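The following exercises are intended for a reader who meets this structure for the first time. Each task is followed by a solution in steps.

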Amino acid sequence: MKISRELKLQFLRTMVTIRCFEEKAKELYLAGKIRGTVHLSTGMEAVAVGACLSLNPDDLMNSTHRGHGHCIAKGVGVRQLMAEIMGRATGVCHGRGGTMHVFDVAHGVMGTIGIVGGGIPIATGLGLGIQQLGLKRVALCFLGDGASNEGSFHEAINLGAIWRLPVVYILENNLVGDTTPLREVVLIEDLADRATSYGIPGVIADGNDVLDVYTKVSEAVKCARAGGGPTLVECKTYRWEGHQIGDPCVYRTKKEVEAWKKKCPIKRLKERLIKEKLLTRKRYAAVVQAAQAAVDEAAAFALASPEPDPRTVLDYAY
């Protein structure tokens, strides 16, 4: 698949923005500005960007507890997202969703779901709705490797398969489900092999190569949009941080983490674009500076925003 220079640069800008956002979210959490906890996707940016940028603006997406990057890649503004995870009235959900329950229907974000595996049947339902309405849209569902052992995974994907629903299931395999290494709970090497039991394609993508993710997810989206049914795309990647901030990460070694950091998806794309003479190091520095400025401004906006008025507690509730 031929990918234009502008799209490659868009990949880079979006990945850098996600990285800056996650680093700022960690900083704000440690400063006591974010309640609860925060699940970061640092190191996994290529999956979010490659998958979401394969969609049309009116396509739908749902995500997991680790969904900041997915939301940004689907078009949610960093100001509104930062305000939301800080529980402010100016947030995309008016401070009611927080870090794990972000909805932005205007951008097709149909929820980041905190329950492991909880978003898979929802995405299948979105696909059913699209099919019933006769729309040329696609629903894309992010899930983690831990969710692939949930009953909802098997039930929802099987239903999507037999009804040939326009759904693409993106399995982010970062090798750890919460604090349990995947090797301790799954005997197969490739989770994409599970697609065979549902009679749908199972595809493996290098989750640290945004071009590979984009190419393979684009093919899956094309198939779904044409009525060919779902695809399970396994993106092999790695999260640099723990399950949440404060996780001591006793289940992996520093050597393992450092080895994966050398496979940084942002550095990988940057070096490729420089080699292809599509980017200079000076321009890359400008990309980072612009992303950092946008995220810093978003944090300032959120900090200056009010918390929701208690008198509106029943607003938006059914």
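The model is predicted.

**Exercise 1. Determine which residues I170 contacts, and place I170 within the nonpolar cores.**

Step 1. Setting aside neighbours within four places in sequence, the contacts of I170 are V47, A51, L140, C141, F142, L143, V217, V233 and C235.

Step 2. The largest nonpolar core has 74 residues, and F11, M82 and I170 are the ones that touch the most other members. Helix α1 (residues 5-30) supplies the largest share of this core, 11 residues.

Step 3. Another core, of 24 residues, lies apart from it; F153, A156, V167 and L232 are among its members.

Step 4. As general background, nonpolar side chains in soluble globular proteins tend to be buried together.

**Exercise 2. Decide whether helix α4 is enclosed or open, and identify what packs against it.**

Step 1. Helix α4 spans residues 78-85, and 6 of its 8 residues are buried, so the helix is largely enclosed by the rest of the structure.

Step 2. The buried residues are V78, L81, M82, A83, E84 and I85.

Step 3. These buried residues pack against α1, α3 (68-74) and α10 (281-304).

Step 4. Just after α4 comes G87, which has a positive phi of about 70 degrees.

**Exercise 3. Establish how many disulfides the structure contains, and explain the result for C235.**

Step 1. A search of the whole structure gives 0 disulfides.

Step 2. A disulfide requires two cysteine sulfur atoms within 2.5 Å. The closest cysteine sulfur to that of C235 belongs to C52 and is 11 Å away, so the two are too far apart for a bond.

Step 3. C235 is buried, at 0% relative accessibility.

Step 4. C249 is likewise in no disulfide, since the nearest cysteine sulfur, in C264, is 18 Å away. C249 also counts as buried, at 17% relative accessibility.

**Exercise 4. Classify K270 and L159 as buried, partly exposed or exposed.**

Step 1. The limits needed are under 20% relative accessible area for buried and over 50% for exposed, with partly exposed in between.

Step 2. K270, in helix α9 (residues 265-275), has a relative accessible area of 14% and is therefore buried. Not counting residues up to four places away in sequence, K270 touches L12, L279, R281 and Y284.

Step 3. L159, in helix α6 (residues 151-162), has a relative accessible area of 32% and is therefore partly exposed.

Step 4. Together with I162 and W163, L159 forms a nonpolar surface patch with about 290 Å² of accessible area.

Technical notes
Residues numbered from 1 in each chain as written. Predicted model: local features only at pLDDT ≥ 70, side-chain atom pairs only at ≥ 80, totals over all residues. Heavy atoms only, no water. Helix = DSSP H or I, 4+ residues; strand = E, 2+ residues; numbered from the N terminus. Buried < 20%, exposed > 50% of the residue type's maximum accessible area, 1.4 Å probe, protein only. Contact = heavy atoms within 4.5 Å. Core = buried A, V, L, I, M, F, W, Y, C linked by side-chain atoms within 4.5 Å. Patch = residues over 30% accessible without salt bridge, like charges linked within 9 Å, V, L, I, M, F, W, Y side chains within 5 Å. Areas by Shrake-Rupley, 256 points an atom, 1.4 Å probe, with all protein chains shown as cover. Salt bridge = Lys/Arg side-chain N within 4 Å of Asp/Glu carboxyl O.
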